[in-house]
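Colleague: I'm new to this one and would rather see a single part properly than skim the whole. Could you pick one strand, take me through its neighbours, and then show me how the surroundings fit in?

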Amino acid sequence: MAEIKINDKVFNGKVIKILGGTLTIDDKGMQKIEGIVRIEVTGDLANIVTDSSVIVDGNVYGDIQAEGSVTCGDVTGNISAEGSVTCGKVNGNVSAEGTIISK
């Protein structure tokens, strides 16, 4: 389980979805989010789907789909980003419209 900080509010979970300003964690508890969304994660996650950028201070044991940039540790799945990707080891495929940097 990871600690998920979104716009300075703290949540816990493994799967994050932020689409159209609606936050869902582990397919529960939908909450509206307005304005610029900043996601920071400490710990390990299963999957992330977001229409913004994401920073993960930990690993993702699944896939990341982001309409912004992605910064993270290791990823066992695939990464799809409309911005740049800066991550550790990625076992899957990386698709990015910006730069791709391996830490």
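**A close look at strand 8**

Modeller: Let's start with a pairing: strand 8 and strand 10 run parallel and are joined by two bridges. Strands here are DSSP runs of E, at least two residues long, numbered from the N terminus, and two of them count as paired if DSSP finds at least two bridges between them. In general, strands of a sheet pair through backbone hydrogen bonds, either parallel or antiparallel.

Before going on, a word on what you're looking at. This is a predicted model, where local features need pLDDT of at least 70 and side-chain atom pairs count only at pLDDT 80 or more, while totals for chains, interfaces and linings use all residues. Residues are numbered from 1 along each chain as its sequence is written, and side-chain values use heavy atoms, with hydrogens and water left out. The chain has a mean pLDDT (the predictor's confidence in each residue, from 0 to 100) of 90, and 99% of its residues reach 70 or more.

Back to our strand. Strand 8 covers residues 54–57, with Val54 and Val56 on its covered face and Ile55 and Asp57 on the uncovered one. Ile55 is a handy residue to follow. Going one way, Ile55 stands opposite Thr71 in strand 10. Going the other way, Ile55 is the bridge partner of Glu40, and strand 6 is joined to strand 8 by three bridges, running parallel. A small caution on that side: strand 6 (residues 39–42) is where confidence is lowest in the chain, at a mean of 81, while strand 11 (residues 79–81) has the highest, at 98.

Now keep walking past Thr71. Thr71 faces Thr86 in strand 12, and strand 10 and strand 12 pair in the parallel sense over two bridges. Put together, these strands belong to an open sheet of seven strands with the order 2-1-6-8-10-12-14 and mixed pairing. At its edges are strand 2 (9–13) and strand 14 (100–102), each pairing on one side only.

There's also a covalent link around here. A disulfide (a pair of cysteine sulfur atoms within 2.5 Å) joins Cys72 to Cys87, with S to S at 2.2 Å. The link of Cys72 and Cys87 is right-handed, with 105° about the S-S bond. Cys72 lies in the loop between strand 10 (70–71) and strand 11, and Cys87 lies in strand 12 (residues 85–87), so the pair ties together parts that are 15 residues apart in sequence. Are the two cysteines buried or exposed? "Buried" means under 20% relative accessible area, "exposed" over 50%, and "partly exposed" in between, using a 1.4 Å probe and protein chains only. Cys72 is buried at 0%, and Cys87 is buried too, at 1%.

Next, have a look at strand 3, which doesn't appear in that seven-strand order. Strand 3 (residues 15–19) puts Ile16 and Ile18 on a covered face and Val15, Lys17 and Leu19 on an uncovered one. Strand 3 runs parallel to strand 7 (residues 47–50), with four bridges joining them; Val15, for instance, stands opposite Asn47. With strand 4, strand 3 is antiparallel, again over four bridges. The hairpin of strand 3 and strand 4 has two residues between the strands, and Gly20 there takes a positive phi near 60°.

Across that hairpin, Lys17 stands opposite Thr24 in strand 4. Thr24 is buried, with a relative accessible area of 13%. Leaving aside neighbours within four places in sequence, Thr24 is in contact (heavy atoms within 4.5 Å) with Val15, Ile16, Lys17, Gly29 and Met30.

Lys17 has another partner as well. Its side chain meets that of Asp27 in a salt bridge (a side-chain nitrogen of Lys or Arg within 4 Å of a carboxyl oxygen of Asp or Glu), at 3.5 Å, N to O. Lys17 sits in strand 3 and Asp27 in the loop between strand 4 (22–25) and strand 5 (28–32), so this pair ties together parts that are 10 residues apart in sequence. Lys17 is partly exposed at 32%, whereas Asp27 is exposed at 60%.

The structure holds two salt bridges. Besides the Lys17 pair, Lys5 and Asp8 meet in one at 3.9 Å, N to O. Lys5 is partly exposed, at 32%, and Asp8 is exposed, at 65%.
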